[in-house]
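Good morning, colleagues. Today I would like to discuss the side-chain links in one structure, beginning with its covalent cross-link and then turning to its charged pairs.

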Amino acid sequence: QVQLVESGGGLVQPGGSLSLSCAASGTNFGINAMGWFRQAPGKQRELVAAITSRGITNYAASVRGRFTISRDNAQNTIYLQMNSLKPEDTAVYYCNAVAYKTLVQLVTYWGQGTQVTVSS
């Protein structure tokens, strides 16, 4: 069973910056990809950014150029640097990891979520 522990988040003014981190533990066969999703009130959960073990990344169009995802494979930790934050970035941010249950099976795990609020 993989555990994901998130940290960071909080309240920031528009135009400000925040960083999130997510550490994974309990993996036996390693983690394939990790990422961040977010869910605003009344909206569906959406992908923000993801990164593979080889460092391949993808971003939602709404955050590209403002957010940067990075990964420390040795620590099974990912980071999300969020710059130029906008009120519409306000949401609960969830860490996500796709881990190997066996050598040929993948399972998705979720963190507990951390609140990011962008407001003046």
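Let me begin with the geometry of one bond: the link of Cys-22 and Cys-95 is left-handed, with -85° about the S-S bond. Please bear in mind that this is a predicted model. The sulfur atoms of Cys-22 and Cys-95 lie 2.0 Å apart, and the two residues form a disulfide. The structure holds 1 disulfide.

Where in the chain does this pair sit? Cys-22 belongs to strand β3, residues 18–25, while Cys-95 belongs to strand β9, so the disulfide ties together parts that are 73 residues apart in sequence. As for solvent exposure, Cys-22 is buried, and Cys-95 is buried as well.

I now turn to the charged side chains. In general terms, side chains of opposite charge can pair when their charged atoms come close. How many salt bridges does a search of the whole structure find? The search returns 3 salt bridges. Arg-38, Glu-46, Arg-66 and Asp-89 are linked by such contacts in a network.

Let us walk through that network, starting at Glu-46. The side chain of Glu-46 meets that of Arg-38 in a salt bridge, with an N to O distance of 2.7 Å. Are these two partners buried or exposed? Glu-46 has 36% relative accessibility and therefore counts as partly exposed. Arg-38, by contrast, has 6% relative accessibility and counts as buried, because the cut-off for that class is under 20%.

Arg-38 also forms a salt bridge with Asp-89, at 2.9 Å from N to O. This pair links distant parts of the chain, 51 residues apart: Arg-38 is in strand β4, residues 31–39, and Asp-89 is in the loop between β8 (77–82) and β9 (91–102). With 1% relative accessibility, Asp-89 counts as buried.

The remaining salt bridge joins Asp-89 to Arg-66, whose side chains meet at 2.8 Å, again N to O. Here, too, distant parts of the chain are linked: Arg-66 lies in the loop between β6 (57–59) and β7 (67–72), and Asp-89 in the loop between β8 and β9, with their positions 23 residues apart in the numbering. Both Arg-66 and Asp-89 are buried.

To draw the strands of the talk together, the disulfide joins Cys-22 to Cys-95, and the salt-bridge network comprises Arg-38, Glu-46, Arg-66 and Asp-89. Asp-89 takes part in the bridge with Arg-38 and in the bridge with Arg-66. Thank you for your attention.

Methods: Residues numbered from 1 in each chain as written. Predicted model: local features only at pLDDT ≥ 70, side-chain atom pairs only at ≥ 80, totals over all residues. Heavy atoms only, no water. Salt bridge = Lys/Arg side-chain N within 4 Å of Asp/Glu carboxyl O. Buried < 20%, exposed > 50% of the residue type's maximum accessible area, 1.4 Å probe, protein only. Helix = DSSP H or I, 4+ residues; strand = E, 2+ residues; numbered from the N terminus. Disulfide = S-S within 2.5 Å.
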